[in-house]
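Q: I'd like to learn how to read a fold from its coordinates. Can you walk me through it, one feature at a time?

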Amino acid sequence: MPKPAYHILVCANQRPPGHPRGSCGENGATDVLQRMQAGIESKGLFEKAIMSTTSCLGPCSMGPMVIVYPDGVWYNKVKPEDVDEILDSHIGNGQKVDRLVMDDALWG
Ligand code: FES
């Protein structure tokens with residue numbers, strides 16, 4: 001297997017319902033993960049991108065969070081229906097999806 005050009009990280013952290021920080025899991029990360037895995041497979045992107053799940057990445061209230069390296073692009077509030085656009089535009093054509101990029105100002 002050749003070294004993939006992209007590494008996609010998807011936060012899969014799940015906190016109990018009502019936790020003050022919330023979590024990507026509570027916001028639908030499982031559906032995003034499933035769609036991402038299926039998309040990588042159906043689009044034949046195995047040799048271009050690898051996906052890993054992570055624990056908390058920090059901005060929990062903005063989740064589900066997806067990060068694409070080596071570009072260091074942090075996508076926030078990703079919905080399952082956004083996944084194809086990330087795969088087609090960013091992974092397929094090297095163009096980040098601006099409308100999903102988290103604003104750096106939200107780091108505080
Ligand atoms: S739970 Fe996903 S960023 Fe914290």
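A: Sure, and let's start with burial. This is a predicted model, and buried residues make up 30% of the 108 residues in the protein chain.

Q: What radius of gyration would a compact globule of 108 residues have, and what does the protein chain have?
A: The rule for a compact globule with 108 residues gives a value near 13 Å, and the protein chain has 13 Å, so the two agree. For the outline, take the principal axes: the C-alpha atoms fill a box of roughly 40 × 25 × 25 Å.

Q: Which pattern of helices and strands does the protein chain follow along the sequence?
A: Reading along the sequence, you get β-α-β-β-β-α. That's 2 helices and 4 strands. As for contacts, take those between residues at least 6 apart in sequence: 61% of them join residues at least 24 apart.

Q: How many residues does the largest nonpolar core have, and which have the most contacts inside it?
A: The largest nonpolar core has 24 residues, and V10, A29, V32, M36, M65 and V66 have the most contacts inside it. At least two residues of this core come from each of β1, α1, β3, β4 and α2. The largest share, 5 residues, is supplied by α1.

Q: Let's zoom in on A29. Which residues is A29 in contact with, leaving aside neighbours within four places in sequence?
A: You'll find A29 in contact with V10, C11, A12, C24, G63 and P64.

Q: Now helices. How should I read the sides of one?
A: The general idea: an α-helix has 3.6 residues a turn, so residues three or four places apart point the same way. Now look at helix α2, residues 83-93, where V83, I86, L87, H90 and I91 are buried. These residues lie on the same side of α2, because they cover an arc of only 115 degrees around the axis.

Q: What covers the buried residues of α2?
A: The cover includes the strands β1 (6-11), β2 (49-54), β3 (66-69) and β4 (73-75), along with helix α1 (29-42).

Q: Next, backbone angles. What should I look out for?
A: Most residues other than glycine have a negative phi, and most peptide bonds are trans. With that in mind, go to K77, which isn't a glycine and yet has a positive phi of about 50 degrees. K77 sits in the loop between β4 and α2. There's a glycine to look at too: G94 follows α2 and has a positive phi, near 75 degrees.

Q: Is K77 buried, exposed or partly exposed?
A: K77 is partly exposed, because 17 other C-beta atoms lie within 10 Å.

Q: And which residues does a cis peptide bond join?
A: One cis bond joins G63 and P64, with omega at about 0 degrees. P64 belongs to the loop between β2 and β3. Another cis bond joins Y69 and P70, and there omega is about 15 degrees. P70 is placed in the loop between β3 and β4. G63 and P64 have come up before, by the way: both are among the contacts of A29.

Q: Last one: where is A105, and why does A105 count as exposed?
A: A105 is in the segment after α2. The reason for the label is a neighbour count: A105 has 6 C-beta neighbours inside 10 Å, so A105 counts as exposed. If you want a distance to check on screen, try A105 and V78: these residues are 27 apart along the chain, and their C-alpha atoms are separated by 18 Å.

Definitions and conventions:
Residues numbered from 1 in each chain as written. Predicted model: local features only at pLDDT ≥ 70, side-chain atom pairs only at ≥ 80, totals over all residues. Buried ≥ 20, exposed ≤ 12 C-beta atoms within 10 Å, placed from the backbone. Arc of directions from axis to C-beta. Contact = placed C-beta atoms within 7 Å. Rg over C-alpha atoms; globule rule 2.2 N^0.38 Å. Core = buried A, V, L, I, M, F, W, Y, C linked by C-beta atoms within 7 Å.
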